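I opened a fresh notebook page for this one. Come along, and I will jot down each thing I looked up.

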Amino acid sequence: MRTTSLRRSRRCVISLLAVFGALALPASATAAVETFHRFEAIATANYTINKACADGSTVQQRVTVIGGHEEESESGVSTLDSDFLTVFIRGLDCGGNFVNDRGSGPADFTFSPSLQEASVAGTITTGGGRSVTVDMSWEGTGEMETTSNTTTFPGFTGHFKGKRRDAVATGTVVVDGETLVDGSTTNAEIETLEDNNISHP
């Protein structure tokens with residue numbers, strides 16, 4: 001799935017940034033142990049919808065909704081703590097034009113540590129100027145999947161932990177006042193991603 005590859009790429013970039021940042025520190029700064037912590041909770045829902053056109057025809061569009069929370073800290077000092085909403089819209093419009101639009105912004109996001117529940121509500125503006133309002137909830141299904149791995153080399157230890165659960169997402173996506181999504185999809189998941197990195201002499 002595309003979202004899975006994006007997550008893996010994001011984790012690699014975060015870890016590499018932490019490593020290069022540690023290597024770039026001057027000798028005096030490396031005398032003390034420094035830590036970097038990043039945590040993400042993400043709920044993703046993928047819809048394929050048939051959009052009705054004024055002439056009675058339909059066009060197919062794919063809509064991805066991502067609600068989440070992210071936080072970061074460096075040596076115990078918080079540098080990021082926010083909730084967000086991201087929406088992707090891809091496919092054709094009623095004029096036969098290809099649509100590939102994306103928007104992201106602040107939102108209200110909640111989730112349970114067990115990944116049994118999550119929800120997001122908010123309004124964002126896409127790069128194409130569309131106003132998108134989302135009200136969506138997730139219910140976890142199936143077993144919890146966990147991932148844990150550690151990378152160690154002189155002066156650096158990085159530990160990654162991940163949890164995910166399949167889910168059913170239910171809600172609405174309203175684009176420029178028109179309801180584009182209203183219903184449920186099983187092509188959904190809830191997950192958490194956590195990085196703990198330690199740079200030391």
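**Entry 1: the disulfide**

I searched the whole structure and found one disulfide (a pair of cysteine sulfur atoms within 2.5 Å). Before going on, I note that this is a predicted model, where local features need pLDDT of at least 70, side-chain atom pairs count only at pLDDT 80 or more, and totals for chains, interfaces and linings use all residues. Residues are numbered from 1 along each chain as its sequence is written, and side-chain values use heavy atoms, with hydrogens and water left out.

The disulfide is formed by Cys 53 and Cys 94, whose sulfur atoms lie 2.1 Å apart. It links distant parts of the chain: Cys 53 sits in the loop between β1 (34-52) and β2 (58-74), and Cys 94 in the loop between β3 (77-92) and β4 (98-106), 41 residues apart. My strand names follow DSSP runs numbered from the N terminus (strands are E, at least two residues; helices are H or I, at least four). The link of Cys 53 and Cys 94 is left-handed, with -90° about the S-S bond.

Are the two cysteines buried or exposed? I looked up both, taking buried as under 20% relative accessible area, exposed as over 50%, and partly exposed as in between (1.4 Å probe, protein chains only). Cys 53 is buried at 11%, whereas Cys 94 is partly exposed at 39%.

**Entry 2: strand β7 and its partners**

Next I followed the side chains along β7 (residues 131-140), and they alternate. Val 132, Val 134, Met 136, Trp 138 and Gly 140 point to one face and are buried. Ser 131, Thr 133, Asp 135, Ser 137 and Glu 139 point to the other face and are not buried. I wrote a reminder beside this: in a regular strand the side chains alternate between the two faces of the sheet.

Which strands pair with β7? I counted strands as paired if DSSP finds at least two bridges between them. β6 (residues 117-125) runs antiparallel to β7 and is joined to it by nine bridges; there, Thr 123 has Thr 133 as its bridge partner. The hairpin of β6 and β7 has five residues between the strands, and Gly 129 in this hairpin takes a positive phi near 85°. β9 (residues 156-175) also pairs with β7 in the antiparallel sense, over nine bridges, and Met 136 stands opposite Gly 171 in β9.

**Entry 3: the cores**

I then looked for nonpolar cores (sets of buried Ala, Val, Leu, Ile, Met, Phe, Trp, Tyr and Cys residues joined through side-chain atoms within 4.5 Å). The largest has 30 residues, and Val 63, Val 65, Val 120, Val 134, Met 136, Trp 138 and Val 173 have the most contacts inside it. Two or more residues each come from β1, β2, β3, β6, β7, β9 and β10 (178-199). β1 gives the largest share, six residues.

I picked out Val 134 and left aside its neighbours within four places in sequence: among its contacts (heavy atoms within 4.5 Å) are Val 65, Leu 85, Val 120 and Val 173. A second, separate core has six residues, including Ile 42, Phe 84, Phe 88 and Leu 193.

**Entry 4: strand β10**

Last, I checked what pairs with β10. β1 does so in the antiparallel sense over 12 bridges, with His 37 opposite Asn 196. β9 and β10 also run antiparallel, joined by 19 bridges, and Gly 162 stands opposite Leu 193. Their hairpin has two residues between the strands, and Asp 176 takes a positive phi near 50° in it.
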